[in-house]
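Q: Please take a close look at one part of this structure, the side of one chain that touches the other, and explain it to someone who has not seen the structure before.

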Amino acid sequence: MKTLFARGPSLLSRLVLALACSFLLIFIDHRLQAMQPVRVFLNSLVAPVQYLAILPEQMLDNFSESVKTTEQLSAENKALKQRILKLQGQQQQLQFLQNENRRLRELLGSDARESARRMVAEVIAVASEPFSQQLVINKGTLSGVYEGQPVLDSSGIIGQVQDVGGNTARVLLISDQSHAISLRSERNDIRVLAQGTGDIGRLELMFIPHSTELREGDLLMSSGLGGVFPEGYPVARIASIVRDESLPFATVFADPVSALDRVRNVLLLWPTESEQQPIYEDDE
Amino acid sequence: MKVVKPGIVTLLVTYVIALTLMVMPMPATFDVFRPDWVTLVMLYWIIALPHRVSMGTALILGVLSDVLLGSIVGVHALGMVIVAYLAARNFQRLRNFALIQQAVVIAVLILLKRFIVFEANVFLHDAEFTLSYFWPVLTSAVFWLWVFPLLRKVRRQFGVS
């Protein structure tokens, strides 16, 4: 029979020690923001758990892929080919417009806009807490991912990289309570600041005067101000404007254009002016 | 020369499984009801082996939860440590409870942990109250009815003491 706590300090003193450690960690991380180097290590440490967590899903995906019938596959193939054709058509026009744009910009004497480099990443985990809206993706410093990098999906901007590990990175979504993004209305170029609400399908526009020209349904694009996000990507659409005169500003909500709770593949963007470079794997 | 205590592998495996279940992607409908696996497993081991599992384990599991969930490091650790202390303090009483009574106590402990984490978030960056954050209190209590016998079986099978 072992006697309890025969050796070592008492339970209470251990509690005090552990509490002190927790408070110290919170202080270091939150106030001093000095955890980044340790975080890279810790993120790499827990990466196996994250890869383990998506294993069942991947196996199910593989299984459902392997039991598909030939008809299903050929139908899918046909649809995809048509889509490629359509996109290629648009791509040709885009290239023409890009060239024209560059020429015109040269005539005006302003800097040409280069297209950014991209990389596709997969979502491997979601944070399941309402007050922190984040995704974990399967690319990290080994692929050239850096802190503060813009992250998109097929329909628009979804967030920015918050911290990176060796081969994982954590993406802070635009709907997180601590995230704000500078936007511009597509219709009339009004600049607005959109803050996350903690509700995954909702952003709140801050400091909008009652006399604003914004309307419900207006598309909001990234403005490029603030230096984190590139200009001109769709972000959100205005859902409701409530002009309550008793409040200093109008209450405006906007819905993100991409379904943030259903993201599976994301696009990492390296703006041309950034010092970091994407590191592609050989098979890409 | 101190040798590694038997059963350390079993303990680590249960922790890794609990951490994996915590971050496993799930449909949004079920996601809000996800039981607090890490706390459940930790509480079981504290009640079963209080001389081996206590504050240190709680602190480490808390920090790992923080890193996996991407919150500020130390927030979950704080909640886990306080709950672990209460469980370690009263492990003899808890052991003698019926399974249903234990489940009620577990619910209270997990409620306390979630409340601490929530309050810490309010203090650190003005988090807003969401009722859905407290659903796992109920599901964790229900799952305890299966987690407890399962882990007891594991403990006896692998002779962890």
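A: **Chain B and the side that touches chain A**

Over residues 67–87 of chain B the chain is 76% helix and 0% strand, with its end C-alpha atoms 24 Å apart; helices here are DSSP runs of H or I with at least four residues, strands are runs of E with at least two, and both are numbered from the N terminus. This is a predicted model, in which local features need pLDDT of at least 70 and side-chain atom pairs count only at pLDDT 80 or more, while totals for chains, interfaces and linings use all residues. Residues are numbered from 1 along each chain as its sequence is written, and chains are lettered from A, with ligands numbered from 1, in the order in which they are written.

An unreviewed UniProt entry annotates residues 6–25, 67–87, 94–112 and 132–151 of chain B as "transmembrane region", and such annotations may be inferred rather than shown by experiment. Over residues 6–25 of chain B, the chain is 80% helix and 0% strand, and the end C-alpha atoms lie 33 Å apart.

Turning to the contact itself, 40 residues of chain B are in contact with 39 residues of chain A, where contact requires C-beta atoms, placed from the backbone, to lie within 7 Å. On the chain B side, the elements that give two or more residues are α1 (8–23), α2 (28–31), α4 (55–69), α5 (75–89) and α7 (99–125), and the largest share, eight residues, comes from α4(B). The residues of this side divide into 26 nonpolar, 10 polar and four charged, with Ala, Val, Leu, Ile, Met, Phe, Trp, Tyr, Cys and Pro counted as nonpolar, Asp, Glu, Lys and Arg as charged, and the others, Gly among them, as polar.

Key:
Two residues are in contact if their C-beta atoms, placed from the backbone, lie within 7 Å.
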